[in-house]
Amino acid sequence: MTDTSSAPPAGPAQVQEQHPPIVECLGIDDMVLTYSSEHWIDPCHEDGVQYWNVGMHVNEEGPGEMFGSIRICVADEYRVANIVHSFDFLSSDLYRIGKTLYDEKTGELCDDLRDLLALPGRATIVDEVTIDRRLRGHGLGVYLTGMALDYLSHGAGVIALFPGPLERDDDTDYEQARANLGRAWSRIGFTPYRDGTWILDPGTTALDDALRCERERLQHHRWNMTFCYEAPGRSTISEITMAK
């Protein structure tokens, strides 16, 4: 017997069927970086350290779903009385890097570091990098951070970071994790400086050369990403696998 009556209103399951998951095979050319920062007009606000938040997105005719983020600090020792004190006020991680790069008493760049650099200028510091676990292990986060540094480091005298894991677990030795991260950052030209801080001189071609090599290597990488569309213009990445 055939029911010819009107169909009932679509429920959640039926709505979902109208927007089935979509699987796309994506590479580095299908990714977009976005940049945002704050500039306080208040003359009493200290602006010696400027934060830049960088988003890693899938390109969906513009920035789509975000799969990672980078936080970069641009420090100008001439805009504050003592840049190390500014770092100390902001975070212990920045303070650890700051007192390695600058004289803690005077706030000036350490003499030995100044002698190492091609040109004087501001310090650009990688404060934090996160990326979806399913995209780790290929150097993608390091490469995209390098692209962001290349974009933001104009006028910089030194680029610095402390290669320490954001997440601690009982199965991984912390020092071994740091060593592994150091090797990863060395792929875009970072070298050890002092007290666990690694540096990169933007006045040389090291970053440009490294990014060119990394791009050639990653150009052949592809990831299958499954997108679930929850509403018009809104989606989530439900699954990521390496394309064979």
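Let me begin with a definition: a salt bridge here is a side-chain nitrogen of Lys or Arg within 4 Å of a carboxyl oxygen of Asp or Glu. By that criterion the structure you see above holds nine salt bridges, and I will go through some of them after a few words on the model.

This is a predicted model, in which local features need pLDDT of at least 70 and side-chain atom pairs count only at pLDDT 80 or more, while totals for chains, interfaces and linings use all residues. Residues are numbered from 1 along each chain as its sequence is written, and side-chain values use heavy atoms, with hydrogens and water left out.

On the chain as a whole, there are seven helices and 10 strands, where helices (H or I, at least four residues) and strands (E, at least two) are DSSP runs numbered from the N terminus. Of the 244 residues, 38% are buried, and I use buried for under 20% relative accessible area, exposed for over 50%, and partly exposed for what lies in between (1.4 Å probe, protein chains only). The exposed surface of the chain comes to about 14300 Å², of which carbon and sulfur atoms supply 51%; the areas are from the Shrake-Rupley method with a 1.4 Å probe. If we take contacts (heavy atoms within 4.5 Å) with a separation of 6 or more, 63% of them are between residues 24 or more positions apart.

Now to the salt bridges themselves. Arg-194 and Asp-112 meet through their side chains at 2.9 Å, N to O. Because Arg-194 lies in strand 7 and Asp-112 in helix 4, this pair ties together parts that are 82 residues apart in sequence. Arg-194 is partly exposed at 30% relative accessibility, and Asp-112 is partly exposed at 37%.

Strand 7, residues 191-194, also contains Pro-192, which is exposed, with a relative accessible area of 59%. Beyond its neighbours within four places in sequence, Pro-192 is in contact with Thr-197 and Trp-198, and its C-alpha is 9.7 Å from that of Leu-161, a residue 31 positions away in sequence.

Which residues does Arg-217 join in a network of salt bridges? The network links Arg-217 with Arg-187 and Glu-214. Within it, the side chains of Glu-214 and Arg-217 meet at 2.8 Å, N to O, and because these two are three residues apart in helix 7, they are separated by about one helical turn. Is Glu-214 buried or exposed? At 5% relative accessibility Glu-214 counts as buried, whereas Arg-217 is partly exposed at 27%.

Helix 7, residues 206-218, holds another pair with a spacing of three residues, Arg-212 and Asp-209, whose side chains form a salt bridge at 2.7 Å, N to O. Arg-212 is partly exposed with a relative accessible area of 48%, and Asp-209 is partly exposed at 35%.

Finally, the charges outside salt bridges: Asp-88, Asp-103, Glu-104, Glu-108, Asp-111 and Asp-115 form a negative surface patch. Patches are made of residues with over 30% relative accessible area and no salt bridge, like charges being joined within 9 Å and nonpolar side chains (Val, Leu, Ile, Met, Phe, Trp, Tyr) within 5 Å. One of the patch members, Glu-108, sits in the loop between helix 3 (92-101) and helix 4 (111-116), and it counts as partly exposed at 45% relative accessibility.

Definitions and conventions: Lys, Arg positive; Asp, Glu negative; His and termini not counted. Charge placed at Lys NZ, Arg CZ, Asp CG, Glu CD.
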